[in-house]
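The following note sets out points for a colleague who is examining this structure. It moves from the overall arrangement to the core, then to helix pairs and individual residues.

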Amino acid sequence: LHSRVRLAALDLICSSPKMSLSVTVFETSFLKIFFQRDGLRCSSEEYRHRVRHLLRLMINRLRIDTSHSGKAPISEEEETTSTMFSKWLIDWLGTQLYPSVSFSRAGLAIRVLCDMQDVYLSSPPRAISTRRNDVVLSALHTDRLVTAVTIQLWSKFDAIRSYALQFLRK
């Protein structure tokens, strides 16, 4: 599909009018389809910037625990959906970091991983579920992912090496 159509579809899913709502199974299913259908493939910097912005909105929604915001606690199913999708996203982004990966794919994958680190490391303890936070942070620091990012330090692109180093420093 054309990149504008992909962005419009991603925008519909990630830009929820109520950012405090938990992510639904439908939204996570759609996002998986988006990624599996080459959601990271595009040479346009504008496209990569917009995808990263929309994913950061979704990552913020994934970490929200509404039980601390005065609303009803989220259900176990919602907690599981958010946690499982976060783990899937981290694993999938890690698989995109093979040795001869294109600049656009590697750059976007590592920058989204850095965004996930920022969101989960900078959140105040009461803003997110401790269990979910621990699961996501441990998924961000698996040997497999760290190795995949470390391999990018030998990339021929300076920016990719810089992004990889930024991820590994956190």
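1. Long-range contacts. The model under discussion is predicted. Among contacts between residues at least 6 apart in sequence, 74% link residues that are at least 24 apart. Of the 170 residues of the protein, 46% count as buried.

2. Secondary structure. The protein contains eight helices and zero strands. Read from the N terminus, the order of elements is α-α-α-α-α-α-α-α.

3. The nonpolar core. The largest nonpolar core holds 46 residues, and within this core Phe35, Leu113 and Leu140 touch the most other members. At least two core residues come from each of α1 (3–14), α2 (25–36), α3 (45–63), α4 (76–95), α5 (103–122), α6 (130–140), α7 (143–151) and α8 (158–169). The helix that gives the most to this core is α5, with ten residues.

4. Phe35. This residue is found in helix α2. Phe35 counts as buried because its relative accessibility is 1%, and the cut-off for that class is under 20%. Which residues does Phe35 touch, not counting residues up to four places away in sequence? The partners are Leu40, Leu55, Phe85, Trp88, Leu89 and Trp92. In addition, the C-alpha atoms of Phe35 and Leu93 are separated by 9.1 Å, although the two residues are 58 residues apart along the chain.

5. The pair α1 and α2. The axes of these helices come within 10 Å and cross at roughly 155 degrees. That angle makes α1 roughly antiparallel to α2, because angles over 145 degrees fall in that class. The crossing of α1 and α2 is left-handed. On the α1 side the contact is formed by Arg6, Ala9, Leu10, Ile13 and Cys14, which meet Phe26, Glu27, Phe30, Leu31 and Phe34 in α2. By class, the contact of α1 with α2 comprises eight nonpolar, no polar and two charged residues.

6. The pair α3 and α5. Here the axes come within 10 Å and cross at roughly 30 degrees. The helices α3 and α5 are therefore roughly parallel to each other, since the limit for that class is under 35 degrees. The crossing of α3 and α5 is right-handed. From α3, the residues in contact are Glu45, Arg48, Val51, Arg52, Leu55, Arg56, Ile59, Asn60, Leu62 and Arg63. They meet Phe103, Ser104, Leu108, Arg111, Val112, Asp115, Met116, Asp118, Val119 and Tyr120 in α5. By class, the contact of α3 with α5 has ten nonpolar, two polar and eight charged residues. Leu55, one of the α3 residues in this contact, is also among the residues that Phe35 touches.

7. The pair α7 and α8. These helices pack at an angle of about 145 degrees, and their axes are 8 Å apart. The crossing of α7 and α8 is left-handed. Leu145, Val146, Val149 and Thr150 in α7 meet Ala164, Phe167 and Leu168 in α8. What is the make-up by class of the contact of α7 with α8? The contact has six nonpolar residues, one polar residue and no charged residues.

8. Ala109. This residue lies in helix α5, the helix that gives the most residues to the largest nonpolar core. With a relative accessibility of 0%, Ala109 counts as buried. Not counting residues up to four places away in sequence, Ala109 touches Leu40, Leu93, Gln96 and Leu97. Leu40 is also among the residues that Phe35 touches.

9. Thr95. Is Thr95 buried or partly exposed? At 32% relative accessibility, Thr95 counts as partly exposed, because the value falls between the limits of 20% and 50%. Thr95 lies in helix α4. The C-alpha atoms of Thr95 and Ala148 are separated by 7.7 Å, with their positions 53 residues apart along the chain counted as separation. Thr95 and Ala109 are 14 residues apart in sequence, and their C-alpha atoms are 9.4 Å apart in space.

Conventions
Residues are numbered from 1 along each chain as its sequence is written. This is a predicted model: local features need pLDDT of at least 70, side-chain atom pairs count only at pLDDT 80 or more; totals for chains, interfaces and linings use all residues. Side-chain values use heavy atoms; hydrogens and water are left out. A nonpolar core is a set of buried Ala, Val, Leu, Ile, Met, Phe, Trp, Tyr and Cys residues joined through side-chain atoms within 4.5 Å. Buried means under 20% relative accessible area, exposed over 50%, partly exposed in between (1.4 Å probe, protein chains only). Helices (H or I, at least four residues) and strands (E, at least two) are DSSP runs, numbered from the N terminus. Contact means heavy atoms within 4.5 Å. Axes are lines fitted to C-alpha atoms, for helices over the stretch in contact, and angles run from 0 to 180 degrees between N-to-C directions. Angles under 35 degrees count as roughly parallel, over 145 as roughly antiparallel, 65 to 115 as roughly perpendicular and the rest as oblique. A crossing is left-handed if the near helix is turned anticlockwise from the far one by less than a right angle, and right-handed if clockwise. Ala, Val, Leu, Ile, Met, Phe, Trp, Tyr, Cys and Pro count as nonpolar, Asp, Glu, Lys and Arg as charged, and the others, Gly among them, as polar.
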